[in-house]
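Please look over the sequence and the model shown here before reading the briefing that follows. The notes after it are grouped by topic.

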Protein chains: 4
Amino acid sequence: MTHSPPAPELVVRRWFNSAQPLSLAALRGKVILIHAFQMLCPGCVLHAVPQAQRIAERVRDPGFQVLGLHTVFEHHEAMGDAALAAFIHEFRLTFPIGVDAHTGSDSAPATMRAYRLRGTPSTLLIDPRGQLRWHEFGAVDDFDLGRRVGQLLAEAAFGEDRRPVQSSAQASEAGGEVCDEVACVLQPGRHSEQGAGSR
Amino acid sequence: MTHSPPAPELVVRRWFNSAQPLSLAALRGKVILIHAFQMLCPGCVLHAVPQAQRIAERVRDPGFQVLGLHTVFEHHEAMGDAALAAFIHEFRLTFPIGVDAHTGSDSAPATMRAYRLRGTPSTLLIDPRGQLRWHEFGAVDDFDLGRRVGQLLAEAAFGEDRRPVQSSAQASEAGGEVCDEVACVLQPGRHSEQGAGSR
Amino acid sequence: MTHSPPAPELVVRRWFNSAQPLSLAALRGKVILIHAFQMLCPGCVLHAVPQAQRIAERVRDPGFQVLGLHTVFEHHEAMGDAALAAFIHEFRLTFPIGVDAHTGSDSAPATMRAYRLRGTPSTLLIDPRGQLRWHEFGAVDDFDLGRRVGQLLAEAAFGEDRRPVQSSAQASEAGGEVCDEVACVLQPGRHSEQGAGSR
Amino acid sequence: MTHSPPAPELVVRRWFNSAQPLSLAALRGKVILIHAFQMLCPGCVLHAVPQAQRIAERVRDPGFQVLGLHTVFEHHEAMGDAALAAFIHEFRLTFPIGVDAHTGSDSAPATMRAYRLRGTPSTLLIDPRGQLRWHEFGAVDDFDLGRRVGQLLAEAAFGEDRRPVQSSAQASEAGGEVCDEVACVLQPGRHSEQGAGSR
């Protein structure tokens, strides 16, 4: 009855702000907002991370969960676990944050590749059936994001889900990168030789 | 089956940005966001009016309508029709704006009194059945407002409506006023003697 | 010894927030920041008026004075004295504000014409000798404005003044107008026939 | 003739964005703005670092120099040279940035201790004679900072300098730390035993 694709499971190496590992399977039944970021991406730090924290604080609904995903595809030596722990502490982030796992030789991590994300920040919405309903690369407007979350929560209350995914992002699996104030982008091709073998 | 109160009809003396008079009855079937403001209220001009305009531009959904309502309860001589027309022109507002009618001797206009609004800015949401589902006095967060609009639009898509009104505003019918950066408030009592006889 | 032009005297019909009429001549010896605005100009209301108020509150220096100047060149019927009084009250402006006088048949008022301002908002700096040292049309950056004010105050402390005027604005004396979010502009030509005879 | 204290020389381990090492002695004759920060301090990243970059871009005056100083007193493992290099690259910082050197066993670096800074962000102004004229801990208003810079530049133009230092910050030499959205603070006492022996 529904035509949205199932959301690939998260491939997370380590969780922060969570007593035990989390998974989409275990969160089935909830609307999930995934905020994919890098701690040294200006568009993330200045806009998207504070937005995710505000939403996590405002939406006190047992049917809703904010998850962070640290999808490091550049400057790996500067964004390791100790650095991320310090970042989470200093920016007072309280929602669960998973470290996207690097598998194979690709510079982009596994979950980022599975969702074909273009870069950071990226925002994803998953419905209670575990289907990816929307994802967007770059800065997302508060009102627009609220409207999408509200629609999914209302659908969940009616026990149904008939809407197709709206994908505004077409992503390469890996590549080089470049950042501006708004976002960091994976550039297909620049790293294509090294990346090609890993997929 | 539903327990929300019907939204009182608008009592509008004149419309701007609309070729013909509008009414809630004629808009039945749509989700309506009413933005009640005064053109000289700082919280309206600096926050709520730009928010309403952004929403009117972003939400291109035939099932959704933004309406402005100029609810003047103070400085009447400074916010007449010519002043409002200049304000709408200069701030490039494109959504329909009605002038709330003054009936009787009360300083607060008729629609404002019927909804018992506390002051300006106030934001109201009406569902497709014509029921008042939410209203708030003061600055409203973009994400929160988006979530409420999204929920009503999703409900409309399912053809049902079972939620009760959530009223965060308790309002006096008329009174004096005081403004700060966030809002202008009707103060019960200051005008109570003159107001009492008019209702 | 100095080559800056003397600042033309203000032609003000009425003062708000001042017990008695003010003049540049009477303020000689102080650095004066003049903020020329219209109460229905979006760039003024959203940026320049709050900036002027912040500066008036922050700079507690007896050698410095902020003056507002209501230079109405459009929508005259909507920006009369009662409207301005309400605006000043609601936006809690505390610095002296003069109403630029309309003399002759020109839609632009006298002081605005004498300074050849392009539109609103405009910001002007006058040194203790009464010389116009800088004027700018449109939004002005806080840091840049602070730097200019600091330079004039330091010069005043040294009792000298040798810098030439830096004029970034070339203005027509009168004309039509158009506003955007940043500013309202006098358009030369639109009113040129009626304006020509008045000067 | 002047009563301001001489500014202690910078103790910098490594420079970024500069072909050769810099020093206050070598910059004598210029007004210097020093922006002391940590790359994982929210108040720095969200406010003070962008402010320093804006100023470096705006003030094109050969008598003025912006310097960054990376004064790491916490999370040392997360803010090493590779991390700082990535941060400078991603945030597109163009002004010279020195790494404050850790000497002895104190968690606070040498220049930070010499200036008795309370934490990050801190902003310092040094006049052309090499005297510390002002320093402030926490967020600094753009207009206020511009005014101080303008005053020093004007003084420099007059070849004199008679003003006393205005110190709004009272600092401990070392200690523990705590961050909020505005700033990270060194807490005297927490590290006092270990710190005492190092000086």
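**Confidence and conventions**

In chain A of this predicted model, residues 189-199 keep a pLDDT (the predictor's confidence in each residue, from 0 to 100) under 50, and the model has 14 contacts, meaning heavy atoms within 4.5 Å, beyond four places in sequence for this stretch. Because the model is predicted, local features need pLDDT of at least 70 and side-chain atom pairs count only at pLDDT 80 or more, whereas totals for chains, interfaces and linings use all residues. Residues are numbered from 1 along each chain as its sequence is written, chains are lettered from A and ligands numbered from 1 in the order in which they are written, and side-chain values use heavy atoms, with hydrogens and water left out.

- The model as a whole is given an ipTM of 0.81 and a pTM of 0.82.
- The average pLDDT of chain A is 85, and 80% of its residues score at least 70; over residues 161-176 of chain A, however, the pLDDT is below 50, although this stretch has 60 contacts in the model beyond near neighbours in sequence.

**Chain A**

- Five helices and 10 strands make up the secondary structure of chain A, where helices (H or I, at least four residues) and strands (E, at least two) are DSSP runs, numbered from the N terminus.
- Chain A has 199 residues, of which 58% count as buried; buried means under 20% relative accessible area, exposed means over 50%, and partly exposed lies in between (1.4 Å probe, protein chains only).
- Among the contacts in chain A with a separation of 6 or more, 73% are between residues 24 or more positions apart.
- The area that chain A exposes is about 7,800 Å², with 50% supplied by carbon and sulfur atoms; accessible areas come from the Shrake-Rupley method with a 1.4 Å probe, and for residues only the protein chains shown count as cover.

**Interface of chain A and chain B**

- The size of an interface is often given as the accessible area lost when the parts come together.
- Between them, chain A and chain B bury about 2,000 Å², 68% of it on carbon and sulfur atoms, where buried area is the accessible area (1.4 Å probe) that two parts lose on being put together, summed over both.
- On the side of chain A, the residues that lose the most area to chain B are R58(A), F143(A) and F158(A), which together give 36% of what that side buries.
- Each partner is represented in the contact, with 21 residues from chain A and 21 residues from chain B.
- A turn of 180° with a shift of 0.0 Å along the axis lays chain A on chain B with an RMSD of 0.0 Å, and that is the relation of a two-fold axis; copies are superposed by least squares on the C-alpha atoms of residues with pLDDT of at least 70 in both.
- Because 100% of the interface residues of chain A are also interface residues in chain B, the copies meet through the same surface.
- Four salt bridges are counted between chain A and chain B, a salt bridge being a side-chain nitrogen of Lys or Arg within 4 Å of a carboxyl oxygen of Asp or Glu.
- R58(A) and D141(B) form a salt bridge in which the closest N and O atoms are 3.5 Å apart, and a network of salt bridges links R58(A), D141(B), D144(B) and R147(B).

**Interface of chain C and chain D**

- The contact draws 21 residues from chain C and 21 residues from chain D, and the area buried between these chains is about 2,000 Å², of which 67% comes from carbon and sulfur atoms.
- Chain C is superposed on chain D by a rotation of 180° with 0.0 Å of shift along its axis (RMSD 0.0 Å), and the same surface serves both copies, since 100% of the contact residues of chain C recur in chain D.
- The rule finds four salt bridges across the interface of chain C and chain D.
- R58(C) meets D141(D) in a salt bridge (3.5 Å, N to O); R58(C) lies in helix α1 (residues 42-58) of chain C and D141(D) in the loop between β7 (132-137) and α4 (142-158) of chain D, so the pair joins two chains.
- With 38% relative accessibility, R58(C) counts as partly exposed.

**Salt bridges within a chain**

- Over all chains, the count comes to 32 salt bridges.
- R14(B) and D81(B) form a salt bridge with their closest N and O atoms 3.2 Å apart; R14(B) lies in strand β1 (residues 12-16) and D81(B) in helix α2 (residues 81-90) of chain B, so the pair ties together parts that are 67 residues apart in sequence.
- R14(B) is partly exposed at 39% relative accessibility, and D81(B) is partly exposed with a relative accessible area of 21%.
- In chain C, D81(C) and R13(C) meet in a salt bridge (3.0 Å, N to O), a pair that links helix α2 (residues 81-90) with strand β1 (residues 12-16) across 68 residues.
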